[in-house]
Amino acid sequence: MEILMAIVIGILFTSGVYLILSKSLLRIIIGTGLLSHGAHLLILTMGGLKRGAVPILGEDGSKYTDPVPQALILTAIVISFGVTAFFLVLAYRAYQELGTDNVDKLRGSEGNE
Amino acid sequence: MSSLHLAIFSPFLMAILIPFIFKLFRKLHIGWFVLILPSILFLFFLSKIPLIKDGGVLKATLNWIPSFDINFVAYLDGLGLLFTLLITGIGSLVVLYSIFYLDKNKEKLHNFYVYLLLFMGAMLGVVLSDNLIVLYTFWELTSFSSFLLIGYWNTRERSRYGAQKSMLITVFGGLSMLGGFILLSIMTGSFSIHEIMLQSNTLISNELFLPALILVLLGAFTKSAQFPFYIWLPDAMEAPTPVSAYLHSATMVKAGIYLVARLTPIFALHGAWFWIISLIGIITMCWASFNAVKQTDLKGILAFSTVSQLGLIMSLLGLGSASLHYDFLSKNIYMGAIVAAVFHLINHATFKGSLFMVAGIVDHETGTRDIRKLGGLMYVMPITFTIAVVGTLSMAGLPPFNGFLSKEMFFTSVLNVLQMNIFQMETWGILFPILAWLGSVFTFIYSILLLLKTFTGKLQEEKLDKKPHEAPLGMLFSPIVLGALVIIFGFFPNILSRNILEPAVASILPNLLQENDRFAVHIRFWHGFNLELLMTIGVVVVGILLYLTLKKWRNIYNIFPKRFTLNRFYEKGIDITEKGSYSFTRRLMNGSIRSYLIYIFIFFIGIVTFTLFKKDAIKMDTTNLAPIGIYEITLAVIIILGSITILGAKSRLTSIIALGAVGYTVSLFYILFRAPDLALTQLVIETVSTALFLLAFYHLPQLSRKEEHIGFKLTNALISIGVGLVITIVAISAHSNKMFDSIAKYYIENTHDKAGGGNLVNVILVDFRGFDTMFEISVLGIAALGIYGMIKLRLSNQKKQQRRMADENK
């Protein structure tokens, strides 16, 4: 299972990086979304998969899944959400002010000379 | 604080006071006030002669950074005394001269004297420091104050160019020298010159010895304007003439000579020291004197002449270092070269200082320094002419002036090379007398040229800006004193030998000290009819012949193409470096985020792959894997399909929806992998972010809303596949390389008993690791505030509107 997950994560990273390298701002943000999914799944996979019950005491299993990666991911999800939201509004404002979402056109004045 | 330290620091203290005094006493020329200090210092150092003469030294320590063994150890011996006398003596004369040279109403005198005093203090620090790091500090301070002085007329472009050039070259050398010093301290564990000297016998076998030697010599050669680093000195002639006289003839350019002399006991046992210094010195001497003849500017001639004479002294120091290789002390002829070097050092300071002052007077009284416009000043300026005669004839090496004596000693030294039987000198030694003789011929020519073109012939009054007349007595005083010294040292050289030369030579060759009597005898030996005298007669005869036929062979200077001059190399070098780095930055930093991301990803792939192979870390362990079920396979397929859809989607809407699909599938994975809290959060957040994406999509600008295919790019695809592969391999290898168990056991055991909770994840979030959560909350808060600010705050719009209104009003 872990190997399958590693491949899935690899594909998520591949498409995320490909999107980040594109011209459109929106696609770049979609790419970061895919990257963060990949990272979260990576943390979970590296903690080991399906090694026991849901980490809530009182479940009858004698073994629980490792709760630490889950706590880490929860934090990471919230932070990446905050950053994504911020970026999206930034992109939206950039559209409004500059009238473009093409990263190549968003260069500083020096590069255009 | 000892008197030595006080002497070194007093110019700096004085420099602080100058601006205040300048403001207070507007009527008085501030130079009169400055003059007091170097005169007192000169008398102070004069009073040390009896002590030093008897072999005594003055040593005082002032703690600076004791933990690094960097202390300000002032050390006054024969060599130090000679230099301090030059610095303070010529310093006083130069200050006196500058009082008449610089107009107090037209020039910013306070700046001038602050720089000059800084320089004087730094120079005293260089020659009196025993600690290498302190020496380096003062060394850089001389570069720095010399930079300020060369660029004194900073509104002129040539001044700035000359200042920058000298700064670049001397600081380059200074930094190399620092490297050499550090290597020395690594080898010996000490920064003290005299402690390092004690270890010089064992040092030579150290593998760092040769690099240290070369680096230190780079410092000395750049400072003393040796080949090929002499190019800064002719351009430094843009400085006011008192500065040229002081820095670029008598003191700063001799700092490199001082360094070589001072470190001779450490390095001289190595053959490279002898070879490099003697050869570079003699080449510099010959090349610069050859080039001096072609100059048309008085100060240009003097600059090249300075370079040439410095080469002469340098080669004498190199030749003199051979004396350490010979044990037969009773007949050690090679130490004569050291005596000659020290003697010529003094002579050069006297006649070159006076010649620069003469050039300054000519410039001051006629308005030009171009020898093509000058001529016939002999009758107008008789006193200046007399001084010039003394100075130039001494420079040319004619009797009865002091230059003659040192030139004879120079010839003796290069002839002695023929008797050497070390360093393949049997075959190559003949080079030295030939080059020395050639150099002397050209020295003779430019000296005569300088004298005759300026002072004889016809007065070309129509070409001069001012009507020439004799300079005021105050301006003439300093060159008269120096000219008088030239004559006095010429007739009575022995007043120097016992008091100054012997202790100086003793501190350059301390290992031969027990033979003290030999030094003395050698110096007084200056008469006799011998080969050296014949060489001098040859110089005069050939020199006069060449001077008379100068017009016929002058074209020889045009044969050598301008493209290959060292200045062109320097300028090309600067140009190429500047343009090269500019275009490098231009190419690399092209302003496109995508290129930067490509660099980052390529480095990521490269470094991680390299490390994986280097550490042999790629591993696949299939023993401890979780089983794969049909649900997992289905979800994995959905995720893969989702991400491929995003890649291939023509419409942005499709990709947003596909991203949402991927997100929901991830939350389904969380359910499968027993993470209910994650699944909940992921579901909610995916919903909200998809809504946000849709909002951003809705507000796309109308123009580019036209939906287009993403456009396939091979490089991008290769890079992203590389990143994905690297991540997969790292994930698999990391999973196969588990080193130790998880710490989860502790949380599972203590969640109920110690924290009083049941949900492991939540207890970790708010109890065991609550700090993370607090700052995660701050992140969300900051994001919310930031978003609010971005939407509400419209500063640029207001500005734009204001500008628009302003345009309309026009």
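Start where chain B and chain A come together, and look for salt bridges across that interface: the rule finds zero there. Keep in mind as you go that this is a predicted model.

Now select every residue in the contact. You should pick up 100 residues from chain B and 80 residues from chain A. Together the two chains bury about 8200 Å², with 75% of that on carbon and sulfur atoms. Which three residues supply more of chain B's buried area than any other three? Click on Phe673(B), Arg674(B) and Met790(B): they account for 9% of the area that chain B buries against chain A.

Stay with these two chains and color two helices. One is α2 of chain A, residues 25-46, and the other is α30 of chain B, residues 652-672. Their axes come within 11 Å and cross at roughly 10°, so α2(A) is roughly parallel to α30(B). Show side chains on the α2(A) side, including Leu26(A), Ile30(A), Leu34(A), His37(A) and Leu41(A). Then do likewise for α30(B), where the residues they meet include Ile656(B), Leu659(B), Val662(B), Val666(B) and Phe669(B). If you color this contact by class, you get 11 nonpolar, five polar and two charged residues.

Next, hide chain A and go looking inside chain B. Select helix α16, residues 335-366, and helix α22, residues 494-508. The axes of this pair come within 10 Å and cross at roughly 125°, which means α16(B) is oblique to α22(B). Is the crossing left-handed or right-handed? Turn the view until one helix lies in front of the other: the crossing of α16(B) and α22(B) is right-handed.

Zoom in on the side chains between them. From α16(B) come Ile338(B), Val339(B), Val342(B), Phe343(B) and Ile346(B). They meet a set in α22(B), among them Leu496(B), Ile500(B), Leu501(B) and Val505(B). Color this contact by class too, and you will find 11 nonpolar residues, no polar ones and no charged ones.

Another pair to pick in chain B is α7 with α27, the latter being residues 566-588. These two pack at an angle of about 85°, their axes 13 Å apart, so α7(B) is roughly perpendicular to α27(B). On α7(B), select Tyr161(B), Lys165(B), Leu168(B) and Ile169(B); across from them on α27(B) are Asn567(B), Tyr570(B), Glu571(B) and Ile574(B). The mix here is five nonpolar, one polar and two charged residues.

While α7(B) is on screen, find a salt bridge. The structure holds eight over all chains. One of them joins Asp235(B) to Arg158(B), and the closest N and O atoms are 2.8 Å apart. What distant parts of the chain does this pair link? Arg158(B) belongs to helix α7, residues 157-188, whereas Asp235(B) sits in helix α11, residues 232-235; the two are 77 residues apart.

From α11, step back into the loop between α10 (209-223) and α11 of chain B, and select Pro228(B). The peptide bond leading to Pro228(B) from Phe227(B) is cis, with omega near -5°. In the loop between α10 and α11 you will also find Ala225(B), which has a positive phi of about 55° although it is not a glycine. For context, most residues other than glycine have a negative phi, and most peptide bonds are trans.

How values were computed:
Residues numbered from 1 in each chain as written. Chains lettered and ligands numbered in written order. Predicted model: local features only at pLDDT ≥ 70, side-chain atom pairs only at ≥ 80, totals over all residues. Heavy atoms only, no water. Axes fitted to C-alpha atoms, helices over the stretch in contact; angles between N-to-C directions. Helix = DSSP H or I, 4+ residues; strand = E, 2+ residues; numbered from the N terminus. Parallel < 35°, antiparallel > 145°, perpendicular 65-115°, else oblique. Left-handed = near helix turned anticlockwise from the far one by under 90°. Contact = heavy atoms within 4.5 Å. Nonpolar A, V, L, I, M, F, W, Y, C, P; charged D, E, K, R; others polar. Buried area = accessible area lost by both parts, 1.4 Å probe. Salt bridge = Lys/Arg side-chain N within 4 Å of Asp/Glu carboxyl O.
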